[in-house]
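Thank you for letting me take a few minutes of the meeting. I would like to walk through one structure slowly, so please keep the picture in view while I talk.

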Amino acid sequence: MPETPPLFAFDRIRFSRDKNGPPLLADASLRLGPGERIGILGKNGSGKSTLLHIGAGLILPDAGQVVYEGKPCRAEKDFVQARQKLGYLLQQAEDQLFCSSILEDVAFGPYNLGYSAAESEAKARAALQEFGLEHLADRNGQRLSGGEQKLAALASVLVMDVSLLFLDEPTNNLDETSRDLLLRTLERCNLPALIVSHDIPFLLATCTSFFLLEGGFLTPVARPSAAWPS
């Protein structure tokens, strides 16, 4: 029987910030199947965030390809449909909050998917309530704390009808209560994901497998210990 294509894959991705310098990503490959969550570890500057940007089509690689559900994405036009299924939480959550209130930020996605204004607002209010942010619905996202921004941005991601998550340092700026809320929410939504994080206990609690990004290569690793170096 033919092999089932992965939900998502990096296929021999190569990328350099400087054409005259060494590649940041030399030959990075992984496959993500349905129900899987892959934790990506690596030192600062190893290219983890760049890899997710390439996966979302925000940066095109120098070589190799991104594959969604068996379909290669090599140019911007190829990523348009794929992005409709992708929920991407950026490392700098404030970059995802650009409306006059977080209610508008969270409602923006559903409205652009074709929901009515009333339906979009209802979905947004429900998402904010899930994250304990309903009392901040009318606040501007740029005036929230770092932890509140992170949760508001995640609400704007999960309110969409996505089938895949990219999470870049999702626990940054979260206190213990907010971190536990994030864990419970991810367990409940049960979506496949690529998760970049230095928070090893969080990765251990959420991921099914792990890759180390080092020297431009993605290498599968055994379950890391909480003392894994960052």
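What follows goes through the sheets, the helices beside them, one residue and one pocket.

Before anything else, please keep in mind that this is a predicted model. As background for those who are new to this, strands of a sheet pair through backbone hydrogen bonds, and they do so either parallel or antiparallel.

Let me begin with the sheet of 4 strands, which is open, has the order β2-β1-β4-β5, and is paired in the antiparallel sense. Its edge strands are β2, residues 25–32, and β5, residues 71–73, each of which pairs on one side only. From one strand to the next, the twist averages 20°.

If we now go across this sheet pair by pair, we start with β1, residues 8–15, which is joined to β2 by 5 bridges in the antiparallel sense, and here Phe10 has Leu30 of β2 as its bridge partner. Strand β1 also runs antiparallel to β4, again with 5 bridges, and in this pair Phe8 stands opposite Tyr68 of β4. Strand β4 in turn pairs with β5 over 3 bridges, antiparallel once more, and Val66 has Cys73 in β5 as its bridge partner. These two strands, β4 and β5, make a hairpin with 2 residues between them, and in the turn Glu69 has a positive phi of about 50°.

Which residues does Gln65 touch, if we leave out those up to four places away in sequence? Gln65 sits in strand β4, and its contacts beyond that range are Ala9, Phe10, Asp11, Ile13, Pro72 and Arg74. We call Gln65 buried because its relative accessible area is 16%, and the cut-off for that word is under 20%. Its C-alpha atom is separated by 11 Å from that of Asp27, although the two residues are 38 places apart along the chain.

Now we can turn to the other sheet, which is also open, but has 6 strands in the order β6-β7-β8-β3-β9-β10, with mixed pairing. The edges here are β6 and β10, the latter being residues 217–221, and each of them pairs on one side only. The twist in this sheet averages 20° from one strand to the next.

Within it, β7, residues 164–168, and β8, residues 193–196, run parallel and are joined by 4 bridges. In this pair, Leu167 has Ile195 of β8 as its bridge partner, while Phe166 stands opposite Leu194. Helix α1 packs on this sheet, touching β3, β6, β7, β8, β9 and β10, and its direction makes about 150° with that of β7. Strand β8 also pairs with β3, in the parallel sense and over 4 bridges, and there Gly39 has Ile195 as its bridge partner.

Which way do the side residues of β8 point? Ala193 and Ile195 point one way, Leu194 and Val196 point the other way, and all of these are buried. Helix α5, for its part, lies across β6 and β7 and runs at about 175° to β6.

Next comes helix α3, whose buried residues are Ile102, Leu103, Asp105, Val106, Ala107, Gly109 and Pro110. An α-helix has 3.6 residues a turn, so residues three or four places apart point the same way. The buried residues of α3 pack against α4, residues 117–130, and against α5. Just after α3 we find Gly114, which takes a positive phi of about 110°.

My last topic is the largest pocket, which holds about 590 Å³ of space. What lies nearest its centre, among the 19 residues that line the pocket? The answer is Leu86, Tyr88, Gln96, Ser156 and Met160. The elements that give two or more residues to the lining are β6, residues 86–89, α3, residues 102–112, and α5, residues 146–158, and the largest share, 4 residues, comes from α3. Sorted by class, the lining has 11 nonpolar, 6 polar and 2 charged residues.

To bring this together, we have seen an open antiparallel sheet of 4 strands, an open sheet of 6 strands with mixed pairing, and a pocket lined in part by residues of β6, α3 and α5.

Conventions:
Residues are numbered from 1 along each chain as its sequence is written. This is a predicted model: local features need pLDDT of at least 70, side-chain atom pairs count only at pLDDT 80 or more; totals for chains, interfaces and linings use all residues. Side-chain values use heavy atoms; hydrogens and water are left out. Two strands pair if DSSP finds at least two bridges between them. Axes are lines fitted to C-alpha atoms, for helices over the stretch in contact, and angles run from 0 to 180 degrees between N-to-C directions. On a 1 Å grid over the protein atoms alone, a cavity is a set of points where a 1.4 Å probe fits but cannot get out, and a pocket is an open set with protein on both sides within 12 Å along at least five of seven lines; lining residues have an atom within 4 Å of a point. Grid points are joined across faces, edges and corners, and a volume is the space filled by probe spheres set on the points. Ala, Val, Leu, Ile, Met, Phe, Trp, Tyr, Cys and Pro count as nonpolar, Asp, Glu, Lys and Arg as charged, and the others, Gly among them, as polar. Buried means under 20% relative accessible area, exposed over 50%, partly exposed in between (1.4 Å probe, protein chains only). Contact means heavy atoms within 4.5 Å.
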